[in-house]
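Subject: Structure handover and notes

Dear colleague,

I am passing the structure on to you with this message, and my notes on it follow directly below. Please read them with the model open beside you.

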Amino acid sequence: MEFGIFDHMDFSGAETLSEFYENRLKLAELYDEIGIHAYHLAEHHATPLGMAPSPNVFLSAMAQRTKRLRFGPLVYCLPLYHPIRLLEEICMLDQMSGGRLEMGFGRGISPIELGYYGLDYEEGRSMYQEIFELITQGLTKETLTFRGEHFNVNQMPLPLSPLQKPHPPLWYGLANPGATSWPAQNGLNVITNQPVERVLEMTTNYKMEWANAGRASDQLPRLGMTRYLVIAESEEAALQSARRAYPVWRKSFMALWDLHGRDPIGVHYSETFDGILETGQGIAGTPTQVRDEIARQYNESGVNYFVCRFAFGDLTLDESGLSIKLFAERVMPELSGLV
């Protein structure tokens, strides 16, 4: 069993932005120290939900503050990038980090954010697929020629290349358990935040598509689910922190949707932490309680990768740090043997 981190980089305003970035980097140092496999960073724009609208800028700082921790966006919102620029930055970041980059690709979940860039949400799918093809081709070539609907490149020299060959690992975020065909056929790792029953549906579908593509079952990529986690010495203390912090995160999540009087597309989050506690998407308690709940969900979901959210809402550095410390000392050692 492997563990990862997901981070929206949502901003509560309880500290300055400079302090906020520094505290997130301090948490990254802790993830590195305890042996977390990878840190996955969201990309959002014009919203307190995501204060890393340029993931590569933040991740380049993380590369200098960590030694083993792998990291990457979940996801690069591809329609917002010129693919040549992103291709070159990916190569730089993979080289600068010693080959620790994990690449998540997507089209962007918010038509509001895409709209600020003058892009049509419905056009995003075709742009995403074209940019994905251009970048994955470019990462393996010394000269790139590409013909598409949106981008054309003719005999462009590519002196930059990634350290990892043929390219850094690929990731995809899944909300719809039925949408596993494309990521399975392309060998992408996947992460979802759905309740256990839908996660099981996703992993079952993915494994079926994987087998249909003629791939061996013992070569499955990482199939992950993410959960909000707060751990303390007492259940009361953990729940108190989680119940306070989660609505602050949700307010950031809803900020742009509320501003424009619209409902989020394809996703719904309870207004309270107790709501996600009931669905299993949030876990809070003592190390023993958290260990047992993670083991239950892991065994019932078919995943092989468990992704933690230790920093969200207005959780302080000390609160997140305590969760990480207790997780490392009293949860990870007892779960690492699960297969």
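Lys 141 has a relative accessibility of 37%, and because buried is set at under 20% and exposed at over 50%, Lys 141 counts as partly exposed. Please keep in mind here, and throughout, that this is a predicted model. Lys 141 is found in the loop between α5 (124-138) and β6, and its C-alpha lies 9.3 Å from that of Pro 159, although the two residues are 18 apart in sequence.

The strand that follows this loop, β6 (residues 143-147), is joined by four bridges to β7 (residues 152-157), and the two run antiparallel. Together β6 and β7 form a hairpin, with four residues between them, and within this pairing Leu 144 stands opposite Met 156 of β7. Gln 155 also lies in β7, and deserves a look for its backbone, since its phi is near 50°, a positive value in a residue other than glycine. With a relative accessible area of 53%, Gln 155 is exposed.

A second residue of this kind is Met 9, where phi is near 60°, again positive in a residue other than glycine. Met 9 sits in the loop between β1 and α1, and with a relative accessible area of 0% it is buried. As background, most residues other than glycine have a negative phi, and most peptide bonds are trans. Two peptide bonds to check on that second count are the cis bond from Leu 74 to Val 75, with omega near 15°, and the cis bond that joins Lys 165 and Pro 166, with omega about 0°. Val 75 is found in the loop between β3 (70-73) and β4 (76-77), whereas Pro 166 is found in the loop between β7 and β8 (170-173).

Turning to the sheet, I would start from β12 (residues 305-309), which is mostly covered, with five of its five residues buried. Tyr 305, Val 307 and Arg 309 point one way from β12, while Phe 306 and Cys 308 point the other way, and all of them are buried. In a regular strand the side chains alternate between the two faces of the sheet. β12 pairs with β1 (residues 2-7) through four bridges, the two strands running parallel, and Ile 5 stands opposite Cys 308 there. β12 is also joined to β10 (residues 223-231), in this case by five bridges and again in parallel, with Val 307 as the bridge partner of Thr 226.

His 40, placed in strand β2 (residues 38-41), has contacts that reach both β1 and β12. Leaving aside residues up to four places away in sequence, His 40 touches Ile 5, Phe 6, Asp 7, Gly 72, Leu 74, Trp 171, Ile 191, Tyr 305 and Val 307. Its relative accessibility is 1%, so His 40 counts as buried.

That leaves the helix packing, for which α1 (residues 17-34) is a convenient reference. The axes of α1 and α11 (residues 317-330) come within 11 Å and cross at roughly 5°, which makes α1 roughly parallel to α11. On the α1 side the contact is made by Asn 23, Lys 26, Leu 27, Leu 30, Tyr 31 and Ile 34, and on the α11 side by Leu 317, Ser 320, Gly 321, Ile 324 and Ala 328. By class, these residues divide into seven nonpolar, three polar and one charged.

α1 also packs on α2 (residues 55-65), at an angle of about 45° and with the axes 10 Å apart, so α1 and α2 are oblique to each other. The crossing in which α1 passes α2 is right-handed. Tyr 21, Glu 22, Arg 24, Leu 25, Lys 26, Ala 28 and Glu 29 of α1 meet Phe 58, Ala 61, Met 62 and Arg 65 of α2, a contact with six nonpolar, no polar and five charged residues.

The last pair is α7 (residues 196-212) with α10 (residues 287-301), which pack at an angle of about 40° with their axes 8 Å apart, and which are therefore oblique to each other. Here Val 196, Val 199, Leu 200 and Thr 203 in α7 meet Gln 297, Glu 300 and Ser 301 in α10, and the residues of this contact divide into three nonpolar, three polar and one charged.

With best regards

Methods:
Residues numbered from 1 in each chain as written. Predicted model: local features only at pLDDT ≥ 70, side-chain atom pairs only at ≥ 80, totals over all residues. Heavy atoms only, no water. Axes fitted to C-alpha atoms, helices over the stretch in contact; angles between N-to-C directions. Parallel < 35°, antiparallel > 145°, perpendicular 65-115°, else oblique. Left-handed = near helix turned anticlockwise from the far one by under 90°. Contact = heavy atoms within 4.5 Å. Nonpolar A, V, L, I, M, F, W, Y, C, P; charged D, E, K, R; others polar. Buried < 20%, exposed > 50% of the residue type's maximum accessible area, 1.4 Å probe, protein only. Pairing = 2+ DSSP bridges.
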